[in-house]
Amino acid sequence: MYQINKLVFRYPRNKEDTIKGISFEIKKGEIFGLLGPSGVGKSTTQKILIKLLKDYKGQILYKGRDLKSYGPSYFEEVGVGFEMPVHFSKLTAEENLNFFMKLYSSTVDVDGLLKRVGLYEDRKKRVSQFSKGMKVRLNFVRAMLNKPKVLFLDEPTNGLDPKNARIIKELIKEFKEEGGTVLLTTHLMNDVDELCDRVAFMADGRIVEISTPKDLKLKYGSRELDMEYREDERLKRATFSLDKLGDNEEFLNIIKNYEIITIHSKENTLDDIFIKVTGVTKDE
Amino acid sequence: MNRFNVLLNGELIRLRRYNLFAASLFVSAIWVGIIHFLNVEDVTTIVPQLIFLDVTTMATLLVGVSFIYEKDESTIRTMLVAPISKNQYLLAKLIANIIPSILSLTIMYLYSKLIKTIEINYFLLLGAVALVSFFHSLMGILLTYFTKDFTNLIMVIMLLFIILILPVILVEFNIITNEIFAKGSYILPSKAALMVIMGTARIIDRWEIIFSLIYLIGSCLVLYYLVHRQFDLYALRERGE
């Protein structure tokens, strides 16, 4: 869907490039996570892809064509979910959506979507009366309004309770199943783990790691297994290499003769990988 | 409905919902009060003078406030990712901003026509008001680019009133009669605005009208170019930057 080649970007007043020659691809129908701490260039990359920033070097192809060659019609195919609320607060949710809907040539079943995210009953309320979570859900509806082919989502579940976060994640999965492509920016690694097919970690304007969450966990985890078992009423711990585990006499002995309390492979979490590959504490 | 009409309609709805129409009507009511209590029967000259004051200040203020609201609510960002052109967005905002000026003009004109005496070609005055309002709306947008918040905007508009509008008013009402000062006021766009508006109410040399029209239309083109060019930068700037 997108091919990004040697992308470089510098803000007009900056002395240093914010994006330092990144190359990656977003495949059609995948959920791609762009991760990293604050100020590494994630938002800038996203702004370039949604044409908010234009003076970049390098090449971006969207469906095989230079992104720069697309006019406003590009946004018929693209939905953008901003992190902050983007609604006219003195208009109702329905008035906000009706206004934006009229700007697109095809639109989604808004009432249906409002029902799914639990805002249908509140559609006639002014947005200024909405809670933060309601505004976040309305943001999602706004992003989906034009039946997009590509969704850019920035922290789509931030500020939502677990029930509503689950609904939004289900809708993102459904969007993908119907052939949609998603670029997701979030600091909630559980969301990344659950949703993303591939992720790219950014640090200092560069992509430092790009792969599937599973491969990254294997790559950065140790091929070991931790277990706890009970021997003579005492809790004991043991660690074994996963290589040729079936031939490990000690492991087989424990399995056969003792009560196993817990057993875990020592793969890393995405949180650990985040810290490891970006070299900083996770703060975004 | 095409996209421009959708944008224009949206602007008008928001002018109403954000009470900007109400503010404009309130100011119009003050002007009508002034006309009512003036001890003059024929208000042919006074009405355009009041309209000049209304349009030059209110058009700048209303568009500025509307932009600041959009910036504060980040709706300007969501406009940037909609399938509309920058020209459509800006022109819809500019044209919508002319409506309160026209409403104000119509209220004052109707009141004067019904209660007092006024001899003005309404449609000529309407054209003049539309042009002057368009120019000052552009100026309002440009000012918003360089202001951080509403308070800052008010301060800048007050400063602009003192520099651009007050000298023209002082000459118009013969408070300052110095010839050099009067001739010098021609460099101000507000003088051109006053000439175009007053040209509908009293006899003004043809060259003055032509000069003023060229000045205003030329300035509109320059301002529109600047407003258009700086728009992305302004829209993407975070609050308070």
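So, B:Glu172 and B:Arg202: in this predicted model they form a salt bridge, with the closest N and O atoms 2.9 Å apart. B:Glu172 sits in helix 7, residues 150–172 of chain B, while B:Arg202 is in the loop between helix 9 (189–198) and helix 10 (206–236), so the pair ties together parts that are 30 residues apart in sequence. Buried or exposed, what is B:Glu172? The glutamate is buried, at a relative accessible area of 13%. B:Arg202, on the other hand, comes out at 32% and counts as partly exposed.

While we're on chain B, let me say a bit about the fold. You've got 10 helices and zero strands, so to speak a plain run of α-α-α-α-α-α-α-α-α-α along the sequence. And how does the radius of gyration of chain B compare with the globule rule? The radius is 18 Å, close to the 18 Å the rule gives for 241 residues, so chain B is as compact as a globular protein of that length. The C-alpha trace spans about 55 × 40 × 30 Å along its principal axes. Of the 241 residues, 53% count as buried. Look at contacts in chain B with a separation of 6 or more, and 79% of them come from residues 24 or more positions apart.

On the surface side, chain B has about 10,900 Å² accessible, and carbon and sulfur atoms own 69% of that. As for charges, there are 18 positive and 16 negative ones in chain B, and their mean positions lie 6 Å apart.

Okay, over to chain A. A:Lys63 makes a salt bridge with A:Glu77, with 3.0 Å between the closest N and O atoms. This one links distant parts of the chain: A:Lys63 is in the loop between strand 4 (57–62) and strand 5 (65–66), A:Glu77 is in the loop between strand 5 and strand 6 (78–81), and the two are 14 residues apart. A:Lys63 is partly exposed, at 43% relative accessibility.

Then there's A:Lys236 with A:Glu231, another salt bridge, 3.0 Å from N to O. Here A:Lys236 is partly exposed at 27%, whereas A:Glu231 is buried at 16%, because the cut-off for buried is under 20% relative accessible area.

Which residues of chain A are linked in a network of salt bridges? That would be A:Arg166, A:Lys169, A:Glu170, A:Lys173, A:Asp191 and A:Glu194.

And to put those pairs in context, a search of the whole structure finds 32 salt bridges over all chains.

Technical notes. Residues numbered from 1 in each chain as written. Chains lettered and ligands numbered in written order. Predicted model: local features only at pLDDT ≥ 70, side-chain atom pairs only at ≥ 80, totals over all residues. Heavy atoms only, no water. Salt bridge = Lys/Arg side-chain N within 4 Å of Asp/Glu carboxyl O. Helix = DSSP H or I, 4+ residues; strand = E, 2+ residues; numbered from the N terminus. Buried < 20%, exposed > 50% of the residue type's maximum accessible area, 1.4 Å probe, protein only. Rg over C-alpha atoms; globule rule 2.2 N^0.38 Å. Contact = heavy atoms within 4.5 Å. Areas by Shrake-Rupley, 256 points an atom, 1.4 Å probe, with all protein chains shown as cover. Lys, Arg positive; Asp, Glu negative; His and termini not counted. Charge placed at Lys NZ, Arg CZ, Asp CG, Glu CD.
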